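Colleague: Please take me closely through one part of this model, the stretch with the charged side chains, and then set it against its surroundings. I would like each term to come with its cut-offs.

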Amino acid sequence: MDLQTPCNACILINRKPASPKQLFSRNSISIPRNHCKTVSQLQATVAVNGDARSSSVPSHKVIVHDRERGVVHEFYVPEDQYILHTAEDQNIKLPFACRHGCCTSCAVRVKSGELKQPEALGISAELKSKGYALLCVGFPSSDLEVETQDEDEVYWLQFGRYFARGPIERDDYALELAMGDE
C-alpha cells in the first residue's frame with residue numbers, strides 16, 4: 001500500500017491516513033500492523049513521548065517473553081532509546097528497580113539479536129558473553145528477542161562466588177523489625 005492511499009480503517013475512522021504520531025500515541029490502544037503504512041515505513045518514523053523521531057535513527061522489533069507474568073510483548077525501539085523506557089512509553093510493564101543498570105531486576109537472556117549495554121554495571125562481562133542483558137540500559141542494535149530472568153538467580157550468578165556459604169536466605173521478619181526501628 002502506498003502512502004497516498006488510506007486503508008479502509010482510516011477511511012472509516014477519520015477519513016484520512018493516520019500519521020505515525022497518531023499510531024504511536026499514548027492514547028492509542030495498539031499499533032496496527034498494516035495501517036496505511038508498512039511496518040518498515042512505521043519503523044522509519046517512531047513517536048516516543050509524542051515526539052516524532054527522524055528516520056535517521058533505525059528502529060528494531062523487540063520481543064520480550066515475560067516469564068513471571070506469562071506474556072509476550074512486541075514493540076519497536078529506536079537504536080538511540082533504552083528498551084525499558086520505550087516499553088513504558090507504550091504502556092508495556094516490564095520488571096525493573098534501579099533504572100541505572102546496577103541491579104538485576106530487569107535482567108533478560110538474549111534468545112536472538114543484539115543489543116548494546118555499555119552502562120550495565122549489574123551484569124559482568126562474563127554474564128554478558130553468556131547472553132545476559134539489562135533492559136533499563138540496553139539499546140537494540142538489531143531485531144531482538146529476549147526472555148526475562150529471575151532477579152535472584154542472576155544476582156547469584158553475578159555475585160555468588162563472593163559468598164562462602166551459598167545464597168543468603170531472606171529473613172522478612174528481621175527486615176520488618178529493622179524497618180520498624182527507623
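Modeller: What follows begins with one loop and its charges and then moves outward to other strands, loops and a helix.

The model is predicted, so local features need a pLDDT of at least 70 and side-chain atom pairs count only at pLDDT 80 or more, whereas totals for chains, interfaces and linings use all residues. Residues are numbered from 1 along each chain as its sequence is written, and side-chain values use heavy atoms, with hydrogens and water left out.

The loop in question lies between β3 (59-66) and β4 (71-78), and E68 is found in it; helices (H or I, at least four residues) and strands (E, at least two) are DSSP runs numbered from the N terminus. E68 has a relative accessible area of 71% and is therefore exposed, where exposed means over 50%, buried under 20% and partly exposed in between, with a 1.4 Å probe and protein chains only. Together with D150, E151, D152 and E153, E68 forms a negative surface patch. Such patches are made of residues with over 30% relative accessible area and no salt bridge, like charges being joined within 9 Å and nonpolar side chains (Val, Leu, Ile, Met, Phe, Trp, Tyr) within 5 Å.

The structure holds five salt bridges, each defined as a side-chain nitrogen of Lys or Arg within 4 Å of a carboxyl oxygen of Asp or Glu. One of them joins D66 to R69, with the closest N and O atoms 2.8 Å apart. D66 has a relative accessibility of 2% and so counts as buried, while R69, at 46%, is partly exposed. Another pairs the side chains of K61 and E74 at 3.2 Å, N to O. That pair links distant parts of the chain, since K61 belongs to strand β3 and E74 to strand β4, 13 residues apart. K61 is partly exposed, with a relative accessible area of 21%, and E74 is partly exposed as well, at 40%. Away from these strands, K130 and E126 also meet in a salt bridge, at 3.4 Å from N to O; K130, at 46% relative accessibility, counts as partly exposed, as does E126, at 41%.

As for the surroundings, strand β5 (residues 107-112) runs antiparallel to strand β7 (residues 132-134) and is joined to it by three bridges; two strands pair if DSSP finds at least two bridges between them. β5 also pairs in the antiparallel sense with strand β9 (residues 144-148), here over four bridges. V108 takes part in both pairings, with A133 as its bridge partner in β7 and T148 as its bridge partner in β9.

The loop between α4 (83-89) and β5 contains N91, and R99 lies in the loop between α4 and β5 too. Most residues other than glycine have a negative phi. N91 nevertheless has a positive phi of about 60°, and R99 has one of about 65°. N91 is exposed, with a relative accessible area of 52%, whereas R99 counts as partly exposed at 31%.

Finally, L127 sits in helix α5 (residues 125-129) and counts as buried, with a relative accessibility of 4%. L127 and L157 are 30 residues apart in sequence, and their C-alpha atoms are 7.9 Å apart in space.

Conventions:
Accessible areas come from the Shrake-Rupley method with a 1.4 Å probe; for residues, only the protein chains shown count as cover. Lys and Arg count as positive and Asp and Glu as negative; His and the chain ends are not counted. The place of a charge is taken as NZ of Lys, CZ of Arg, CG of Asp or CD of Glu.
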